[in-house]
Amino acid sequence: DGCGHTVLGPESGTLASINYPQTSPNSTVCEWEIRVKPGQRIQLKFGDFDIDDSDSCHSSYLRVHNGIGPTRTEIGKYCGFGFQMGGLITSKSNEVTVQFMSGTHTSGRGFLAAYSTTDKSDLITCLDNASHFSEPEFNKYCPAGCVIPFADISGTIPHGYRDSSSLCMAGVHAGVVSNTLGGQINVVISKGIPYYEGSLANNVTSKVGPLSTSLFTFKTSGCYGTLGMESGVIPDAQITASSILEWSDQTGQVNIWKPENARLKRVGPPWAAFITDEHQWLQIDLNKEKRITGIITTGSTLAEYYYYVSAYRILYSDDAQKWTVYREPGMDKDKIFQGNTELYQEVRNNFIPPIIARFFRINPLKWHQKIAMKVELLGCQFSIGRAPKITMPPPPQNKNDDKNDDFSDDFIHSVKTSLQTDKTTFTPEIKNTTVTPSVTKDVALAAVLVPVLVMVFTTLILILVCAWHWRNRKKKTEGTYDLPYWDRAGWWKGMKQFLPTKSAEHEETPVRYSSSEISHLRPREVPTMLQTESAEYAQPLVGGIVGTLHQRSTFKPEEGKEASYADLDPYNSPIQEVYHAYAEPLPITGPEYATPIIMDMSSHPSTPLGVPSVSTFKAAGNQAPPLVGTYNKLLSRTDSTSSAQALYDTPKGQPGPGAADELVYQVPQSVAHSTGSKDE
């Protein structure tokens with residue numbers, strides 16, 4: 001009475017203590033006798049082991065024996081909480097006895113174990129999931145009996161299963177392995193998806209699952225394409241049934257639920273049997289032998305007719321005369337497939353091994369209200385290679401002719417049997433499969449697309465880089481001291497008319513030079529700024545030499561004057577070390593403006609003005625200025641305090657308002673004062 005979940009297959013199986021994973025009851029016992037083919041040995045692997053060891057394995061323990069019956073010998077006796085069984089327990093023969101004793105205890109889950117023949121070196125248990133393995137792709141052997149009520153899976157094919165799902169239970173759901181036989185699985189790990197769908201397949205219910213970091217799918221033969229019910233490849237004439245439901249509704253319209261209505265996802269009513277018993281069937285003629293790997297069924301899909309088939313058998317034939325009921329290998333009972341639990345949901349069942357036949361029959365055994373269903377078959381093409389011509393030497397003519405005839409018949413039959421095992425398949429359009437798609441075409445396509453994309457992106461990057469360099473170069477070509485095009489004089493003149501005008505008492509009159517003076521200064525390479533009529537400030541003397549005027553300094557605006565657009569310095573000198581001198585306002589008692597004179601420090605005062613000379617300013621005493629506005633006095637960078645005491649000569653002639661362009665100045669008459677020397 002201590003036996004829990006148990007499936008003992010011919011090559012593998014699963015066994016667990018009663019109530020696992022809950023605490024097993026006190027004073028219970030169970031023995032499992034495991035046999036495999038003679039000549040093989042058995043290996044046992046524990047997925048979980050948690051047995052009370054408070055009495056040192058005296059009343060609660062697990063014992064493993066070689067052999068069965070009185071002659072068996074003990075391999076080991078085990079107990080302990082959370083005991084980690086190292087490696088596998090291997091028998092010496094093809095028979096093993098496992099004994100579980102549960103004495104008085106208060107805790108302990110018991111155990112769950114899997115077994116297989118020793119040639120399955122990659123055996124895992126039903127509790128292993130994808131997160132237990134780090135490889136992106138691996139092969140494992142699943143034992144029989146992994147459809148267990150205490151394990152969960154999320155997902156379905158072809159999208160994949162959540163990484164927390166039991167590998168072997170998901171393999172049964174996907175139709176990769178059989179729950180009664182077990183089998184090899186080829187697992188591929190991929191990036192997880194946000195949502196996992198649920199479905200019912202192979203008597204396993206997959207639940208809806210949330211986002212996970214990874215998922216896994218299975219590699220299979222790829223023989224899971226639809227065979228033509230939904231698409232119409234199978235004509236109506238090849239779909240027949242034992243009976244057809246026909247009746248007239250309240251409006252007098254005749255409703256006939258014919259066999260050709262039994263096409264999956266076809267809008268409208270399904271096929272329904274007129275007679276409701278276990279002898280009804282729906283038959284599909286595939287026109288030739290095909291490899292059939294699965295079937296998908298639904299109910300009526302009509303809300304007002306809640307009809308569906310909940311269990312059925314499968315029969316197949318090559319001639320529609322002799323029928324074979326589908327059974328799993330090694331089983332002596334017909335396999336009963338779980339059908340639908342409601343009228344809408346699609347339920348899939350797989351055939352392991354697949355069915356090779358032309359005619360396919362569904363025999364409903366259980367149903368809800370009436371027998372009604374829609375179906376689709378899964379599989380692929382099946383063809384037999386041409387058999388080689390068999391030549392046999394003529395048998396000797398003697399009394400053993402009858403024996404020789406029997407031998408030749410047996411030989412031919414064995415050859416035919418061997419030929420049938422060499423059948424090849426052609427994969428149609430694949431649906432509902434976890435097969436990793438062939439990457440041959442994808443690789444060829446990628447080999448073309450990747451270089452093209454690289455060239456396109458490279459070209460775009462080069463265009464952007466060139467545009468960036470062109471823009472920077474354009475900025476540099478404006479000159480270090482030039483203004484941007486939006487600040488140049490032409491644009492500024494156009495904008496000045498929109499700016500508010502100043503009052504007459506605050507308006508300044510710019511200092512201007514006559515054309516004759518400019519022509520005299522050309523040998524000194526006076527900058528073009530002095531020739532522009534729109535210059536609003538005179539050039540300062542930096543270091544007392546006219547040649548330094550190319551630094552483009554300006555007079556400092558009046559102190560306390562309200563700032564305006566015209567007061568902004570439109571020149572920007574990048575050389576931070578150059579000192580720009582600004583003129584300070586003249587004293588109140590002094591003249592209100594200064595005018596330049598030309599003098600030659602190495603010649604007579606009467607030296608012509610065309611000779612290169614040094615420019616300075618002359619203060620004209622208290623004489624009233626002929627021009628309106630206040631002008632500044634320039635200071636040298638080396639002399640900013642004593643220049644106010646310099647002596648200047650007075651201009652020749654009487655200046656007037658219209659004679660500013662023809663003023664001529666003489667060289668100072670006396671330079672005896674130290675201050676005058678300092679200014680020079």
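Helices and strands are taken here as DSSP runs, numbered from the N terminus, and in this predicted model the tour begins beside one such helix, α1, where Ser166 is found in the loop that joins β12 (160–162) to α1.

Select Ser166 and show its surroundings: with a relative accessible area of 5%, Ser166 is buried, because buried means under 20%. Setting aside residues up to four places away in sequence, Ser166 touches Cys126, Asp128, Asn129, Ala151, Asp152, Ile153 and Phe216. Then display the backbone of Met169, whose nitrogen lies 3.4 Å from a polar atom of the Ser166 side chain.

Next, move to Ser178, which has its place in the loop between α1 (167–174) and β13 (183–191). Ser178 also counts as buried, at 5% relative accessibility, and its side chain makes a polar contact of 3.0 Å with the side chain of Thr180. Beyond its neighbours within four places in sequence, Ser178 is in contact with Val172, Glu328 and Ile352. Add Cys142 to the selection as well: this residue is 36 residues from Ser178 along the chain, and the two C-alpha atoms are separated by 9.3 Å.

Finally, colour the protein chain by pLDDT, for which the mean is 73, with 60% of the residues reaching 70 or more. Select residues 386–441, where pLDDT stays under 50 and the model has 58 contacts beyond four places in sequence, and then residues 573–581, where pLDDT likewise stays under 50 and the model has 17 such contacts. Where pLDDT is low, the predicted coordinates should not be read in detail.

Note on methods
Residues are numbered from 1 along each chain as its sequence is written. This is a predicted model: local features need pLDDT of at least 70, side-chain atom pairs count only at pLDDT 80 or more; totals for chains, interfaces and linings use all residues. Side-chain values use heavy atoms; hydrogens and water are left out. Helices (H or I, at least four residues) and strands (E, at least two) are DSSP runs, numbered from the N terminus. Buried means under 20% relative accessible area, exposed over 50%, partly exposed in between (1.4 Å probe, protein chains only). Contact means heavy atoms within 4.5 Å. A polar contact is a pair of N or O atoms within 3.5 Å; within protein, one must be able to donate a hydrogen and the other to accept it, and residues adjacent in sequence count only if both atoms are side-chain atoms. pLDDT is the predictor's confidence in each residue, from 0 to 100.
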